Each structure stands twice: as C-alpha cells, then as structure tokens.
Amino acid sequence: MTSTGSQGAGTTDRLVWSDAPSARVLVVEDEPSIASFVRRGLIYEGFAVDVVGHGLAALDAVRDRPPDVVVLDVMLPGVDGLEVARRIRRAERAEGGPSVPILMLTARDAVEDRVDGLEVGADDYLVKPFALKELAARIRALLRRSQPATADVPPAEVLSFADLVLDLARRTASRAGRPVRLTTREFNLLTLFLRHPNQVLPRALLMERIWGSDFFGDSNVLEVLVANLRRALEAGGEPRLIQTVRGVGYVLRAAG
Ligand code: CA
C-alpha cells in the first residue's frame, strides 16, 4: 500500500518533471480558481502539493505535516499571509527547528506587501499574475538553497512501488522479479505513475505528457495504452496497480 520507491531526480530520462520530484509544497490561497491552477501546475511540474484556504489551516499544516516549501498568498481571510509567515518563523525560533522556505504571492501594486513579506521572514515573493513556470523555478531555487547537502547526491535511477520496479537507466520493468516487457509509451506512462504514486493523474495531463501538448486526438488512445500496460503488468496474475478514477483519470495504487 505504500510506495517504497526512491523519488530522486533522474537527469537523463526525458519524462523527468523537475529537479526534485518529491518535494512537498503547501499552497495557501483562498481563491479556489487560483489555488486549483497553482496546484495542478505544480503537480505537473513534479511537486507533491497540499492546498489550504486560510491562515490558521496553514499554520496547522506546517506544524502537522511540514512541507518543503510554503507558497503563501498575502491576501487571506482572517489571519493574513504576513501574519502566517510571522507565526511560522516565531514557532521555528521557539523550537529551534529548521526554517521552511516561504514564497509569498502579492498583488501587483502592493509594494509594501513585498517589503513586509521579506521583513516577516519570507524568502522570496512573486507578483500576481505570474507564470507557473516562474513559480516552479522559484520554488526549485528555494529548495536548492535550503537543501545544499542534497546537491551532491547522485540521482536515483530506480523507481519502485509495491512489487513493481522500474530501472530508468536500463529502461526495464519487473514485477516481483518477473521481467515486464513494455513499449516506449507504456514505459513512459508507467514512469509518470511511479513518480506520483497514490496521486490521481488527470487524463488530460497524462495525454499531454505522453503525446505532447498539441495532441487533439481521441482520448480513447489513452484508454488503449492503459489497457495494454495493465495487461503487461498483470500477465503473471499480479493484482492491478493502475486504477481508474472514473471521470478523472488514473492513479497508481495498490488494490485494497
Ligand atoms: Ca487570496
């Protein structure tokens, strides 16, 4: 039921989503449309993403499930982003713990918000509206700064989940030691699932990653690809790992 796989970055595989595929980002944003846009974009960039809609929930999340980076909107109902940052830093000082990188999202004209944000302990800020690529790049920069020791660790080349093992360098797959022969597309699709175990991957995102952003064909091709991949993965009578989430997409999850 759990992923035992390493989530390290591979630099040679063309499907690698980011420098740090497993980094967890807490997005604090009350506007649902922006929150959802940011969430989907960051998942697409390879991050694991949690979203909360107000300041107190953010403080709870930072305490209970410490993220690698916090993306914090200044304008929040109740406890605003500046106060959230202030309280996060206060708690860190009190506990003497590590300092989570905070990137603040500010409105276009609110220069004072940026200054205040940096003064209360934010590490960086981004002005709305922003490009997701820019946000992802800033997050990676913050991660590199906060985790200098990991820079020299060689990228992991093997991903695994349950009894499934994927060797990215050799481009081989196996289940419980049984070699699984896959086409290039099947292998690429499986790599996406293994990079995001237990995470529902929307159909459109999978199609974009496998066929490219200009794909306008029949979405049935994805169903066919998944069916073929399942057939290969289950040829030895093994349980299903790629589950259908009706109306949304697919998820790599042990059947339970
Ligand atoms: Ca807001």
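How many residues lie between β7 and β8 in their hairpin, and which residue in the turn has a positive phi? There are four residues between the two strands, and Arg171 in the turn has a positive phi of about 55°. Please keep in mind while reading that this is a predicted model.

**The strands around β7**

Strand β7 is a good place to begin, with a partner to visit on each side of the story. Strand β6 (residues 158–161) runs antiparallel to β7 (residues 164–167), and four bridges join them. Within this pairing, Phe161 has Leu164 of β7 as its bridge partner. The hairpin of β6 and β7 has two residues between the strands. Four bridges also link β7 to β8 (residues 172–175), again in an antiparallel arrangement. Here Leu166 stands opposite Ala173 of β8.

**Backbone details**

Two alanines deserve a look, since Ala162 has a positive phi although it is not a glycine, and Ala176 likewise has a positive phi without being a glycine. The table puts them side by side.

| Residue | Phi | Loop | Relative accessible area |
|---|---|---|---|
| Ala162 | about 50° | between β6 and β7 | 39%, partly exposed |
| Ala176 | about 45° | between β8 and β9 (178–180) | 62%, exposed |

Another backbone feature to check on screen is the peptide bond from Lys128 to Pro129, which is cis, with omega near -5°. Pro129 belongs to the loop between β5 (124–127) and α5.

**The calcium site**

Which residues supply the protein donors of the calcium ion? They are Glu29 (OE), Asp30 (OD), Glu31 (OE), Asp73 (OD) and Met75 (O), at 2.0 to 3.2 Å from the ion. Along the chain, the donors follow the spacing E-D-E-x41-D-x1-M. Asp30 sits in the loop between β1 (24–28) and α1 (32–44), while Asp73 is in strand β3 (residues 69–73), so this pair ties together parts that are 43 residues apart in sequence. Are these two aspartates buried or exposed? Asp30 is partly exposed, with a relative accessible area of 30%, whereas Asp73 counts as buried at 2% relative accessibility.

**How the helices pack**

Two packed helices are described by the angle between their axes and the distance between the axes. For α2 (residues 55–64) and α3 (residues 81–95), the angle is about 25° and the axes are 10 Å apart. These two helices are therefore roughly parallel to each other. Their crossing is right-handed. On the α2 side, the contact is made by Gly55, Leu56, Ala58, Leu59 and Val62, and on the α3 side by Val84, Arg87 and Ile88.

Helices α1 and α5 (residues 132–146) pack at an angle of about 60°, with axes 10 Å apart. Their crossing, too, is right-handed. In this contact, Phe37, Val38, Gly41 and Leu42 of α1 meet Leu132, Leu135, Ala136 and Ile139 of α5.

Helix α1 also turns up around helix α7. Which residues of α7 (residues 203–211) are buried? They are Leu205, Leu206, Met207 and Ile210. An α-helix has 3.6 residues a turn, so residues three or four places apart point the same way. The elements covering the buried residues of α7 include α1, α6 (184–195), β10 (201–202), α8 (220–233) and β12 (249–252).

How values were computed: Residues numbered from 1 in each chain as written. Predicted model: local features only at pLDDT ≥ 70, side-chain atom pairs only at ≥ 80, totals over all residues. Heavy atoms only, no water. Donors = N, O, S within 2.8 Å, 3.2 Å for Na, K, Ca; no water. Buried < 20%, exposed > 50% of the residue type's maximum accessible area, 1.4 Å probe, protein only. Pairing = 2+ DSSP bridges. Axes fitted to C-alpha atoms, helices over the stretch in contact; angles between N-to-C directions. Parallel < 35°, antiparallel > 145°, perpendicular 65-115°, else oblique. Left-handed = near helix turned anticlockwise from the far one by under 90°. Contact = heavy atoms within 4.5 Å.
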